[in-house]
Each structure stands twice: as structure tokens, then as C-alpha cells.
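Here's a quick briefing on the spots worth a look in this model. Have the viewer open and follow along.

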Amino acid sequence: MLYREAGQFRSTYAEDQQIFPIRQDRIAMALLLLVAFVAVPLFGDQYWLSAIITPFLIFALATLGLNILTGYAGQLSLGTAAFMGIGAFMAYNAMLRIPHMPIVGAFIVGGLCAAAVGVVFGLPSLRIKGFYLAVATLACQFFVLWALNRVGWFSNYSSSGVITAQRMDVFGYPVDTPATKYLLTLAVVALMALAAKNLMRSETGRAFMAIRDMDVAASVIGIPMMKTKLLAFAISSFYCGVAGALYAFSYLGTVEPEAFVLDLSFRVLFMMIIGGAGSILGSFLGAGFITLFPIFLNLASKRLENALGMEIPHALISNTEAIIFGALIIFFLIVEPYGLARLWQITKEKLRLWPFPH
């Protein structure tokens, strides 16, 4: 009875088209943002801020970028880590080579460079789709890693290939503590998630979904295939590029090609599958699940060790984690293809009808 819109009236189209039309959703989102921006930096310790919450936000942004391309536009991609790497290295070079470049400007430069590369590797989508398009984006992954390793300009001709990310400042305030890095990451992710939500509600977002559902019918009703598909690649790559810059500057503290290997692309893909394809919320749920699940498994293994009085091999824990991830992916693909976001939506629908029969 707490979650119901009875007595809430909407008299204009603007009110009817709100992102959160139900008052309870608006209150819950306001409380969530208040906790995220105020309570978490005040009470969160260094480990939680640096090792858990900040990477969760970064992976959520990368998953959101992949979701725009694959979940909404229907273009399968396995090059997410490559676009993240481009964003990280170009943000580093923007800070290095452009005088007085602000850190947010460097993130934008990294995102724009990733978008440009995304458009180039998105050209095959005009002719191929599905598995063949995935192979084309996989080629992007290998090519970008090769270029980052072989072209010395990207790493400023560093002999080791591992570069320390520059010091971050925002309006003269240093961003050098776990709390400030978390707040910067949270602000960027919140703004870009809001932009993505509004984009999917616009004419462009509806064009993406039309191409995903049936590209031939979309072309017949006048949606330009070339422009829309390349725009999807550009926007998705921009999001992944910004996520890569945040990954290097706010989380790792270094810029290195080995941080953006193929395994990272698959990890982001798994986040999208488990969270829910074609859902902004699903990007956050999937990232949260895959970020927190290894921690939960580690705690469970320690409790089991204490109960059994023996040490469990680390390799067994790692293999168990991989097995459970694989089983969950198969489960969601078969039982609930729209992932955790769909389960949350079903729960909300039941709450709106409770205690009446469904």
C-alpha cells in the first residue's frame, strides 16, 4: 500500500512524461542521491570507497555505454575494453600535451577520441550484423591494444609502458583522496546516466530501439540506417571512453594497456546480461552484482574455512566464482533475458497491486 499512485494526478503531457512519474520513485531517488553524495563519503572507509564503490560506478558507466549499443540499438560489440583504453590514454595525453587542460575536459577529449574510433569500427555494421559484427569489434580490441603497445606516442615513449596518471584538480581543488575521487566519479556517472535516460526517451532512442527490433521495418518507415547505427556506436564509445578515463585516473592511478584486455570486455558484457539488456537500471544492477559477488564469495569461503577448520585453496574459490558466473549467465539468458532489471520491475508491479490478488 506504500507503493501506489492512487491520488496522484497528472494534468499535462510534461507531468505524464516524467522520468519518475510516481511520487514514491522520486522520493526514493532523492534519498538515494543524498546518501550517495553525503553519507557515503562521510562514513565510508578507504577500502570501500577505493576498492568497491568507485570501480562499481566506473563499471556501471561502461556497462551503460555497451547497453546503449547492444541493449538499445541491437549492435553486438566485444570491443568495450578497447574504447575504454582509448579514453584512458587520450585523457592522459590531453593532460600532458594541452596546457592547463582541466581533468573534466581531458575526460571529454578521451570520450570524443573513443567515439571517433567507434564510428570507424562501426562502419561494418552497415553490412553485417550479429556474430559477424561481434568479430569485427573483436578485431578493434586486438588492434587498439597493439597500437597502444607499439606506438610510443600514446605512452609518452615510456620504457615500461606503465604510466602514472596525472594529479587531478577540479576548479582548483585537488582530487587526491578516496572520498574526492569517489565524488568526482559519482558526479560524472550520475550526469551521464541522466543524459542516457533522456536520450532513450527521445526520437534518437526510439530510432535505436526500432533498428534493434526490426531494422528492415525501421528503414521502411524512414529511419536512416547509416546515421543511426554510427550514432549508436559514437555515443556508446563516448561513454566507454569516459569510463576508461575514470578507470585509469580515479581507480588504478596508472595508464597501462594491460588494464584493458579482452577479459574486461567480456566482464562488461556479463554485467549487461545479468543486469538486463536495454535498461539503464540494469547497467547498475549488473555492475553491482559482479563487483560485490566476489567479495561475498570470499567472505563465505572464510566462514566455511572457520567451520571446517581447514584452508580452502584460492584456485578453488576462483574456479567456483567462474562456474557460478557462467551458470548465472545461462540462467538469465534462458529464464529471464532482461535480467535483474526485469525482476525489479516485476517486484514493483506486484507492490502496486498488493494486497489485492494478481
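Setting aside neighbours within four places in sequence, I19 is in contact with L194, K197, N198 and R201. I19 itself sits in the loop between α1 (13-16) and α2 (23-43). Keep in mind that this is a predicted model.

**I19 and its partners**
- I19 and R201 are 182 residues apart along the chain, yet their C-alpha atoms are separated by 8.8 Å.
- I19 comes out at 25% relative accessibility, so it counts as partly exposed; the buried class stops under 20% and the exposed class starts over 50%.

**Helix α7**
- Does the length of α7 add up, and what span should you expect from its 23 residues? At 1.5 Å a residue they should cover 33 Å, and the end C-alpha atoms are 32 Å apart, which agrees.
- The buried residues in α7 are Y182, L184, T185, L186, V188, V189, M192, A193, A196, L199 and M200.

**The second largest pocket**
- This pocket holds about 340 Å³ of space.
- It has 16 lining residues, and V104, L184, A187, V188 and L191 are the ones closest to its centre.
- Three elements each give two or more residues to that lining: α5 (103-122), α7 (178-200) and α10 (225-252).
- With seven residues, α7 gives the most to the lining of this pocket.
- If you're thinking about the chemistry of the walls, the pocket lining splits into 15 nonpolar residues, one polar and no charged.
- L184 and V188 are on the list of residues closest to the pocket centre, and both are also buried residues of α7.

**The largest cavity**
- How many cavities of 30 Å³ or more does the structure hold? There is one.
- The largest cavity contains about 40 Å³ of space.
- Its lining is made up of L66, L69, S77, T80, F83, F233, S236, S237 and C240.
- The elements giving two or more residues to the cavity lining are α3, α4 and α10.
- Here α10 gives the most, with four residues.
- By class, the cavity lining has five nonpolar residues, four polar and no charged.

**Q75**
- Q75 lies in the loop between α3 (46-72) and α4 (80-97).
- Is Q75 buried or exposed? Its relative accessibility is 5%, so Q75 counts as buried, with the cut-off for that class set at under 20%.
- The side chain of Q75 reaches the backbone oxygen of A73 at 3.0 Å.
- Leaving out neighbours within four places in sequence, Q75 is in contact with L69, T70, S125, L133, I211, K229 and F233.
- Among those contacts, L69 and F233 also turn up in the lining of the largest cavity.

**D215**
- D215 is found in helix α9, which covers residues 215-220.
- At 17% relative accessibility, D215 counts as buried, because the class takes in anything under 20%.
- With neighbours within four places in sequence left aside, D215 is in contact with K129, A210, M225 and K229.
- K229 shows up on two contact lists, that of D215 and that of Q75.

Note on methods:
Residues are numbered from 1 along each chain as its sequence is written. This is a predicted model: local features need pLDDT of at least 70, side-chain atom pairs count only at pLDDT 80 or more; totals for chains, interfaces and linings use all residues. Side-chain values use heavy atoms; hydrogens and water are left out. On a 1 Å grid over the protein atoms alone, a cavity is a set of points where a 1.4 Å probe fits but cannot get out, and a pocket is an open set with protein on both sides within 12 Å along at least five of seven lines; lining residues have an atom within 4 Å of a point. Grid points are joined across faces, edges and corners, and a volume is the space filled by probe spheres set on the points. Ala, Val, Leu, Ile, Met, Phe, Trp, Tyr, Cys and Pro count as nonpolar, Asp, Glu, Lys and Arg as charged, and the others, Gly among them, as polar. Buried means under 20% relative accessible area, exposed over 50%, partly exposed in between (1.4 Å probe, protein chains only). A polar contact is a pair of N or O atoms within 3.5 Å; within protein, one must be able to donate a hydrogen and the other to accept it, and residues adjacent in sequence count only if both atoms are side-chain atoms. Contact means heavy atoms within 4.5 Å. The expected span of a helix is 1.5 Å times one less than its number of residues.
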